[in-house]
Amino acid sequence: MENENINSREEDAGAIEPVPGETVVEAPEAEVESPPADTPAVEPLELKQKSFVQKGWPWLAAVLISLLAGAALVFFLLYLPASSSLRQAQADLDGSRSALNAAETKTTELEASLTSTTGDLESAQAELQEAKLRLALSRLQANISFARLALLSKDILTARQELSDAEANLAALNLLLDDSDTSSALADRLKTIRTSLTSDPSKALDEMRTLGENLARLENR
């Protein structure tokens, strides 16, 4: 009871009594501000990151699809034709190498055969040259022998004809001889025979005998 009286007194003592003639202004009560209805609440950081990732997925997917499409185009339009061309070029190169190796082998064989053939040809040419030389000598010897026999028989016409043929055969013989001195000596002796045929038949006969001996030594050298 006493406590209630004390509290009542304190309340009465704490109350401000109005002064006569003054207007008492009551203090306004503190207003509690409430957030605007239209202001959005602040989103948490995780929600912002999740929203960014969700918005970026379509762009990322579009970029990946573009890259894959570009890679596919490069593969089908560039890589496959280039790879096929490379394989074809490699096959052509292998074929060319095989053909080259075969050609080199064939060339080596032909060179060896040509060397052998060249040796055979040179040998054949030497034999042919020798045969031509012996044929020209034989013809010239025959002309001198027939001319000498005709002169011994007093057949000047036949002797002159044989000496004319001997001159042609001597010209062919000189083309085959490598000795110009021998060719010149044979030509001079034949000229002496033709000159002495009618003027000095004995001298002509001696020159014919000597020329025949010269031709025999030339054949046997």
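This is a short talk on one predicted protein model, its helices and its core.

Some ground rules first. Residues are numbered from 1 along each chain as its sequence is written, and side-chain values use heavy atoms, with hydrogens and water left out. Because the model is predicted, local features need pLDDT of at least 70 and side-chain atom pairs count only at pLDDT 80 or more, while totals for chains, interfaces and linings use all residues.

On confidence: pLDDT is the predictor's confidence in each residue, from 0 to 100. The mean here is 78, and 75% of residues reach 70 or more. Helix α1, residues 2-14, has the lowest mean among the elements, 47, and α3 has the highest, 93. Residues 1-25 are below 50, and beyond near neighbours in sequence that stretch has one contact in the model. Contact means heavy atoms within 4.5 Å. Residues 37-42 are also below 50, with zero contacts beyond near neighbours in sequence.

Now the layout. The protein has five helices and zero strands; these are DSSP runs, H or I of at least four residues for helices and E of at least two for strands, numbered from the N terminus. Of the 221 residues, 15% count as buried, meaning under 20% relative accessible area, against over 50% for exposed and in between for partly exposed, with a 1.4 Å probe and protein chains only.

Where is the largest nonpolar core built from? A nonpolar core is a set of buried Ala, Val, Leu, Ile, Met, Phe, Trp, Tyr and Cys residues joined through side-chain atoms within 4.5 Å. This one has 25 residues, and Ile144, Leu163, Leu173, Leu186, Met208 and Leu215 touch the most other members. Two or more residues each come from α2 (45-152), α3 (156-176), α4 (180-199) and α5 (201-220). The largest share, eight residues, is from α2. Take Met208: leaving aside neighbours within four places in sequence, its contacts are Ile144, Ala147, Arg148, Leu151, Leu163, Ile193 and Leu197.

Last, one helix pair. The axes of α3 and α4 come within 11 Å and cross at roughly 170°. Axes are lines fitted to C-alpha atoms, for helices over the stretch in contact, and angles run from 0 to 180 degrees between N-to-C directions. So α3 is roughly antiparallel to α4; that term covers angles over 145 degrees, with under 35 roughly parallel, 65 to 115 roughly perpendicular and the rest oblique. The α3 side of the contact includes Leu163, Leu170 and Leu173, and the α4 side includes Leu186, Leu190 and Ile193.
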